[in-house]
Amino acid sequence: LRLAGIRPLVLKGPLLARRHYHPAFLRKPSGDIDLAVQSGDVRAACVALLREGYEYGTPLEEALACSHHVFLLHKSRPRVEIHFRLSHGARGLPVEPFMERAIEVGLPRGGSALVLSPVDELFHLILHFAHHRFPLLFNLYEIRKIWLKTPIEVQEAVVRKAASHHFLAPLVMTDIAFRTNWGEAFLPAGMELPKPWLHRRLTEELYRECTEWSQPGFRLTISKRLLGRWLDFQLTDRPSDMLGFLKMFMNVAWYRLRQGAWGTQKYPHFAGPAKK
């Protein structure tokens with residue numbers, strides 16, 4: 001990507017392991033490589049990877065319209081995801097402001113790479129956890145590991161950022177996940193938050209339904225897909241967010257119907273590391 005004049009932002013993965021796990025191999029192996037680029041660089045980044053033998057896992061135009069990333073596959077190399085939004089499909093936040101606040105970290109063999117700032121990194125981990133409907137205890141443990149050693153002012157900045165971007169419901173659900181699994185609070189003590197419009201739906205029961213939906217290896221039937229969208233609907237912050245969610249859902253449905261891809265398929269997320 002650098003040879004193509006693109007400097008990506010590295011999300012999660014090995015560089016997160018090097019900074020937060022000692023030794024780094026204690027983190028669960030990454031199944032893919034997540035990189036973020038500015039929206040204007042997406043096509044050029046994909047072309048650079050296509051030259052290296054990668055192929056599109058999803059049509060580019062569909063990804064740009066319905067998703068927050070485009071993923072590419074290689075016969076012998078790890079899957080690569082090129083993000084142009086942080087998460088949450090077409091409802092996701094553009095990458096550009098986060099790149100402006102990015103910081104540089106050193107690489108083992110020299111040089112440096114861009115990673116999210118401490119506030120943005122925690123915010124992204126929470127969004128990623130919620131977007132996949134709270135799938136694995138590993139994801140929650142990683143948030144907890146980083147959160148507990150984070151200064152209170154950074155924690156409060158994460159909460160304010162979630163509120164300003166209308167992602168309070170994922171924050172509340174992360175707090176419920178902390179209480180359910182460890183009997184401890186996630187949100188800073190004494191911090192009052194605006195309530196999402198469906199705050200009465202944000203309960204341990206909803207958390208349990210989400211984790212059950214996200215178990216790896218099941219078949220994605222139409223009814224399972226609709227249930228997943230209903231769970232997502234309850235995690236919106238306000239009625240206008242719900243309208244944006246419905247618009248995104250219709251876009252996805254349109255592309256799936258055009259491709260005849262609304263039938264049963266295996267759930268692709270968190271099925272284990274890709275073969276190297």
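Me: In which helix does leucine 50 lie?

Reply: This is a predicted model. Leucine 50 belongs to helix α2, which covers residues 42-51.

Me: Is leucine 50 buried, partly exposed or exposed?

Reply: Burial is read from relative accessible area: under 20% is buried, over 50% is exposed, and partly exposed is in between. Leucine 50 has 33% relative accessibility, so leucine 50 counts as partly exposed.

Me: Which residues make a nonpolar surface patch with Leu50?

Reply: Val47 and Tyr56 join Leu50 in a patch of about 220 Å².

Me: How is empty space found, and how much lies in the second largest pocket?

Reply: A probe the size of a water molecule is rolled over the atoms, and this shows where empty space is left. The second largest pocket holds about 370 Å³. It is lined by 13 residues, with Leu1, Leu35, Leu49, Glu52 and Tyr54 the closest to its centre. Both β2 (32-36) and α2 give two or more residues to this lining, and the largest share, three residues, is from α2. By type, the lining has ten nonpolar residues, three charged and no polar ones.

Me: How many cavities of 30 Å³ or more does a search of the whole structure find?

Reply: A cavity is space where the probe fits but cannot get out. The search finds one of 30 Å³ or more. The largest cavity has a volume of about 60 Å³.

Me: What lines the largest cavity?

Reply: Its lining residues include Val10, Leu16, Arg19, Glu121 and His124. At least two residues each come from β1 (9-11), α1 (13-20) and α5 (118-131), with α5 supplying the largest share, three residues. Six lining residues are nonpolar, one is polar and three are charged.

Technical notes. Residues are numbered from 1 along each chain as its sequence is written. This is a predicted model: local features need pLDDT of at least 70, side-chain atom pairs count only at pLDDT 80 or more; totals for chains, interfaces and linings use all residues. Side-chain values use heavy atoms; hydrogens and water are left out. Patches are made of residues with over 30% relative accessible area and no salt bridge: like charges are joined within 9 Å, nonpolar side chains (Val, Leu, Ile, Met, Phe, Trp, Tyr) within 5 Å. Accessible areas come from the Shrake-Rupley method with a 1.4 Å probe; for residues, only the protein chains shown count as cover. A salt bridge is a side-chain nitrogen of Lys or Arg within 4 Å of a carboxyl oxygen of Asp or Glu. Helices (H or I, at least four residues) and strands (E, at least two) are DSSP runs, numbered from the N terminus. Buried means under 20% relative accessible area, exposed over 50%, partly exposed in between (1.4 Å probe, protein chains only). On a 1 Å grid over the protein atoms alone, a cavity is a set of points where a 1.4 Å probe fits but cannot get out, and a pocket is an open set with protein on both sides within 12 Å along at least five of seven lines; lining residues have an atom within 4 Å of a point. Grid points are joined across faces, edges and corners, and a volume is the space filled by probe spheres set on the points. Ala, Val, Leu, Ile, Met, Phe, Trp, Tyr, Cys and Pro count as nonpolar, Asp, Glu, Lys and Arg as charged, and the others, Gly among them, as polar.
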